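I opened a fresh notebook page today and looked things up one by one. Come along and check each entry against the picture.

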Amino acid sequence: MEGIIYLDHAATTPVDARVLEEMLPYFGEAFGNPATLYSVGMMAKAGLDAARERVAFLIGAAPDEIVFTGGGTEADNAALKGAAYALRDKGNHIVTTQIEHHAVLEPCAFLESQGFEVTYLSPDAGGFIHPEQVAEALTPRTILVSVMHANNEIGTIQPIRDIARVTRERGVLLHTDAVQTVGSLPVSVRELSVDLLSLSAHKFYGPKGVGALYVRRGTPLVPFLQGGGQEQGLRASTHNVPGIAGLGKAAEIAAGEMARNASRIQSLRDRAIDAILSRIPDARLNGSRAPRLPGNVNVCLASLEGEAILLSLDMDGICVASGSACATGSVEPSHVLLALGVPRDLARSGIRITFGRENTEEEADFAVACLEKAAARLRVMSPDYPRSGR
Ligand SMILES: *Cc1c(COP(=O)(O)O)cnc(C)c1O
């Protein structure tokens, strides 16, 4: 990453050197299939067990409530489809929000095509979903509620505990996509009182392609991969042992270091938000300032294109996102900003900066200075800036 200032930690994070170290033996002397009984297999099994305990510890779960998956998207798909099909006889109604990640929204759209009904709650202007909205949406046919813990674009943190009070009282399952919070902020499945929770290793300095679904004991779920007994029969296929060991190590490191990192990252965030809002004309922050992910800055810069800003910053060696990574390449403005009520034109100017633990104040300051220059330069070329009357 020589010369690169990486400010896109919501998209992915670099693998911690200690995580890579932990993974290497499982490509070498401990390469065995963890389902076998000879020593090379038992070494792999021991790595698997240790990782399961570390992940469970990080989120306050029991080890047998952790199902390893091929990432956050798989965990979300498994939770939604798995619970929907398991409870089909009980009802066909699902409640979620307009600001979920596509890994939740697309399985919901699929379930609609299969005869389920989905209610999409809209956030308030600050980016929050309220427990009363969930309560109002529930019907006797509701089987599942899925509300993300923190939003990957605007960083707002949802009141999952209060939402759980509503779902619990009504006997409805609650899933939360906690991919953005696990490893960055304290997350306890007991405290949140959820039944299903998704997490992903590469969002907290672990490897890509591995994650987990927390499944509270007794939660009905249809198996998501069939063809073997792995993961209590829910997720067949020989384990990705090196990846899972990496996830475990990342979880252990996060448990020990997150408090210190979060407060430092949060001060970078606040420094950048204050500087952008005070120095760049017509900049507005998307999503309420609090409660918000420690590293998340998301702003609209009137009459600019997010993609143009992104490319300009890339020439300065700075990596940021416009909209969400998954939407890059499409010209559609972010579904999250639109749900907040941001007008379409303004939504196209969205820029997301997400700080991580290796960033410094100098990097934050340099990025804001480059953003200020890019905005000024691009606005000179923009036909609709400044608008008359400004
Ligand atoms: C990144 C992300 C996902 C997808 O996780 P993968 O491991 O990349 O599949 C899902 N939900 C949210 C909120 C995310 O930020």
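**Entry 1: a term I needed.** Before looking at the ligand I wrote down what a polar contact is: a pair of N or O atoms within 3.5 Å. I also noted that this is a predicted model.

**Entry 2: polar contacts of the ligand.** I began with Asp-177, where an N or O atom of the side chain is 2.6 Å from a nitrogen atom of the ligand. That distance fits within the 3.5 Å cut-off, so I put it down as a polar contact. Next I looked up Lys-203, and there an N or O atom of the side chain lies 2.7 Å from an oxygen atom of the ligand. At Gly-72 I had to look at the backbone instead: one of its N or O atoms is 2.8 Å from a ligand oxygen atom. Then I asked myself how much of the ligand the protein buries. On its own the ligand exposes 380 Å², and the protein buries 88% of that.

**Entry 3: the shell around the ligand.** How many residues surround the ligand? I found 13, and the closest are Thr-73, Asp-177, Gln-180, Ser-200 and Lys-203. I sorted the shell by residue type and got 8 polar, 3 charged and 2 nonpolar residues. Which helix gives the most to this shell? My answer is helix α3, residues 72-86, with 3 residues.

**Entry 4: from α3 to its partner.** Since I was at α3 already, I looked up how it packs with helix α4, residues 102-113. Their axes come within 8 Å and cross at roughly 30°. An angle under 35 degrees counts as roughly parallel, and that makes α3 roughly parallel to α4. I noted the crossing of these two helices as right-handed.

**Entry 5: two helices that pack with α12.** Helix α12 covers residues 361-381, and I compared its axis with that of helix α8, residues 241-279. The two axes come within 10 Å and cross at roughly 25°. I therefore wrote α8 and α12 down as roughly parallel to each other, with a right-handed crossing.

Then I turned to helix α9, residues 306-315, which packs with α12 at an angle of about 125°, the axes being 10 Å apart. Is α9 oblique or parallel to α12? That angle makes α9 oblique to α12. The crossing of α9 and α12 is right-handed.

**Entry 6: two backbone details.** Where is the cis peptide bond I wanted to see? It joins Ala-290 and Pro-291, with omega at about -10°. I found Pro-291 in the loop between β9 (283-285) and β10 (296-301). My last stop was Glu-231, which is not a glycine and yet has a positive phi of about 50°. Glu-231 sits in the loop between β8 (211-215) and α8, the helix from Entry 5 that runs roughly parallel to α12.

Notes:
Residues numbered from 1 in each chain as written. Predicted model: local features only at pLDDT ≥ 70, side-chain atom pairs only at ≥ 80, totals over all residues. Heavy atoms only, no water. Near = heavy atom within 4 Å. Polar contact = N/O pair within 3.5 Å; in protein donor to acceptor, adjacent residues only side chain to side chain. Areas by Shrake-Rupley, 256 points an atom, 1.4 Å probe, with all protein chains shown as cover. Helix = DSSP H or I, 4+ residues; strand = E, 2+ residues; numbered from the N terminus. Nonpolar A, V, L, I, M, F, W, Y, C, P; charged D, E, K, R; others polar. Axes fitted to C-alpha atoms, helices over the stretch in contact; angles between N-to-C directions. Parallel < 35°, antiparallel > 145°, perpendicular 65-115°, else oblique. Left-handed = near helix turned anticlockwise from the far one by under 90°.
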